[in-house]
Amino acid sequence: MKLKALIMDDSKIMRTMIMKTLEDTGLASFSFVEAKDGAEALVKFDPKHIDICFVDWNMPTLNGFDFVKKAREKKGAESVPMIMITSEKSMGKMIDALDQAGANAYVCKPFTVEELQHKLSPILENMK
Amino acid sequence: MQPIHHPVSGTLTALHLECIKQSVLDTFNAISGEELLFLGINNNGHNYKTEGMIGIISIVGDILWSITLGLPKNTVLSLGPKFAGFDIHYYSDDMGDMVGELTNIVAGDILARLDAIGVSANMSLPTVARGSDLELFSLVRPPSMRMAFSTENIELWLKVAVGHAIGTGKAHILSPNGFGNEASRK
């Protein structure tokens, strides 16, 4: 399975870690598009060409919560999985991201390969 | 409908301190793979004045805190491969990113613990600095306390400064059971 993933995080090292961990999961063959905040990600997010998004919450310009809400308004975006990867661990934030913004999964930092595998497997299974 | 305004609490309680301590312990135990020891509050025997990096985040909501995570040079160099999976050069942007992320993760964990006890707050983006003998000063000199931690290989500290809304009186840190010191300022 080949997937083009949009990775957004204001931290370059975190983007690198997410990309490396995704490759280590072995769940798919990933290619990546990077964005340093939600605004840049929104420009780069084309539902025809992006298969899955990994979204940090706290970013300058446009945060991850607002990115998911705005991205969902694009035609064809409803079928693109959006995974929040964030240090925001409050139950209320998780519920907001999943119910209000429309994220598909929520991963807390720091994360392991196994945790990412666990969260991603059912989502990628649905994409087949 | 009128919005409900909760007063900002300028008090750091024993429960708050426990949240902060556990967040640091759980975060760095997970990342370092070692058992982090809590060395105490305002422990003057701990070496705070050394070359290293600090990450700063403001927490604003029912409370008004500034937290500073202090990581000596040897600690950040040791944490690099454990956190990122590869060596990180001390004088690099990546190192700044890593310290920012670590501060973010600790603050996020603190917020989740506060949320679980009914304290609602949000955090700012982190600010990171590198240097020697780094110390933050505030014009209003808020009361603050510093917790120190270490393993065999790393040492770190976390400082919390407590603010309060203007006109709501003083901010202070209570002296809780098991936390030893008292720091308050009228």
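# Exercises on a predicted two-chain model

The buried residues of helix H1 of chain B are B:His16, B:Leu17, B:Cys19, B:Ile20, B:Lys21, B:Ser23, B:Val24, B:Leu25, B:Thr27, B:Phe28, B:Ile31 and B:Ser32. Keep in mind as you work that this is a predicted model.

## Exercise 1. Two helices named H1

Compare the end-to-end reach of H1(B) with the expected value, then do the same for H1(A).

Solution.
- Step 1. H1(B) covers residues 14–32, which makes 19 residues. From first C-alpha to last it reaches 27 Å, close to the 27 Å expected at 1.5 Å a residue.
- Step 2. For H1(A), the 14 residues should span 20 Å at 1.5 Å a residue, and the end C-alpha atoms are 20 Å apart, so the two values agree.
- Step 3. Now look at what faces inward in H1(A): A:Ile13, A:Met14, A:Arg15, A:Met17, A:Ile18, A:Met19, A:Thr21, A:Leu22 and A:Thr25 are its buried residues.
- Step 4. Check the residue that follows each helix. Just after H1(B), B:Gly33 has a positive phi of about 75 degrees; just after H1(A), A:Gly26 has a positive phi of about 70 degrees.

## Exercise 2. The fold of chain B

Work out how many helices and strands chain B has, and in what order its elements run.

Solution.
- Step 1. Counting gives 3 helices and 10 strands in chain B.
- Step 2. Starting at the N terminus, the order is β-α-β-β-β-α-α-β-β-β-β-β-β.
- Step 3. Turn to burial: chain B has 186 residues, and 49% of them count as buried.
- Step 4. Finally, take the contacts in chain B between residues at least 6 apart in sequence; 70% of these join residues at least 24 apart.

## Exercise 3. Where the chains meet

Describe the contact between chain A and chain B: how many residues does each chain bring, and how much area is buried?

Solution.
- Step 1. Chain A brings 20 residues to the contact and chain B brings 19 residues.
- Step 2. About 1600 Å² is buried between the chains, and carbon and sulfur atoms give 61% of that area.
- Step 3. Count the pairings across the contact: there are 3 salt bridges and 6 residue pairs in polar contact.
- Step 4. Ask which helices of chain A take part. Helix H1 (12–25) and helix H4 (91–101) each supply at least two residues of the side that touches chain B. The largest share, 5 residues, comes from H1(A).
- Step 5. Sort that side of chain A by class: 7 nonpolar, 6 polar and 7 charged residues.
- Step 6. Pick out one of the salt bridges: the side chains of B:Asp94 and A:Lys12 meet at 3.6 Å, N to O.

## Exercise 4. A network around A:Lys109

Which residues are linked with A:Lys109 in a network of salt bridges?

Solution.
- Step 1. Recall the principle: side chains of opposite charge can pair when their charged atoms come close.
- Step 2. Apply it across the chains. B:Glu101 and A:Lys109 form a salt bridge at 3.2 Å, N to O. B:Glu101 lies in helix H3 (residues 93–116) of chain B and A:Lys109 in the loop between S5 and H5 of chain A, so this pair joins two chains.
- Step 3. Check exposure. B:Glu101 has 2% relative accessibility and counts as buried, and A:Lys109, at 1%, counts as buried too.
- Step 4. Follow the side chain of A:Lys109 to A:Asp56, which it meets in a polar contact of 3.3 Å. A:Asp56 sits in the loop between S3 and H3 of chain A and is buried, with a relative accessible area of 1%.
- Step 5. Put it together: A:Asp9, A:Asp56 and B:Glu101 are linked with A:Lys109 in the network.
- Step 6. One more feature belongs here: the peptide bond joining A:Lys109 and A:Pro110 is cis, with omega about -5 degrees.

## Exercise 5. A salt bridge within chain B

Locate the two partners B:Glu34 and B:Lys82 and say how far apart in sequence they are.

Solution.
- Step 1. The closest N and O atoms of this salt bridge are 2.9 Å apart.
- Step 2. B:Glu34 is in the loop between H1 and strand S2 (37–41), and B:Lys82 is in helix H2 (residues 73–84), so to speak distant parts of the chain, 48 residues apart.
- Step 3. B:Glu34 counts as buried at 16% relative accessibility, whereas B:Lys82 counts as partly exposed at 36%.

Technical notes. Residues are numbered from 1 along each chain as its sequence is written. Chains are lettered from A and ligands numbered from 1 in the order in which they are written. This is a predicted model: local features need pLDDT of at least 70, side-chain atom pairs count only at pLDDT 80 or more; totals for chains, interfaces and linings use all residues. Side-chain values use heavy atoms; hydrogens and water are left out. Helices (H or I, at least four residues) and strands (E, at least two) are DSSP runs, numbered from the N terminus. The expected span of a helix is 1.5 Å times one less than its number of residues. Buried means under 20% relative accessible area, exposed over 50%, partly exposed in between (1.4 Å probe, protein chains only). Contact means heavy atoms within 4.5 Å. Buried area is the accessible area (1.4 Å probe) that two parts lose on being put together, summed over both. A salt bridge is a side-chain nitrogen of Lys or Arg within 4 Å of a carboxyl oxygen of Asp or Glu. A polar contact is a pair of N or O atoms within 3.5 Å; within protein, one must be able to donate a hydrogen and the other to accept it, and residues adjacent in sequence count only if both atoms are side-chain atoms. Ala, Val, Leu, Ile, Met, Phe, Trp, Tyr, Cys and Pro count as nonpolar, Asp, Glu, Lys and Arg as charged, and the others, Gly among them, as polar.
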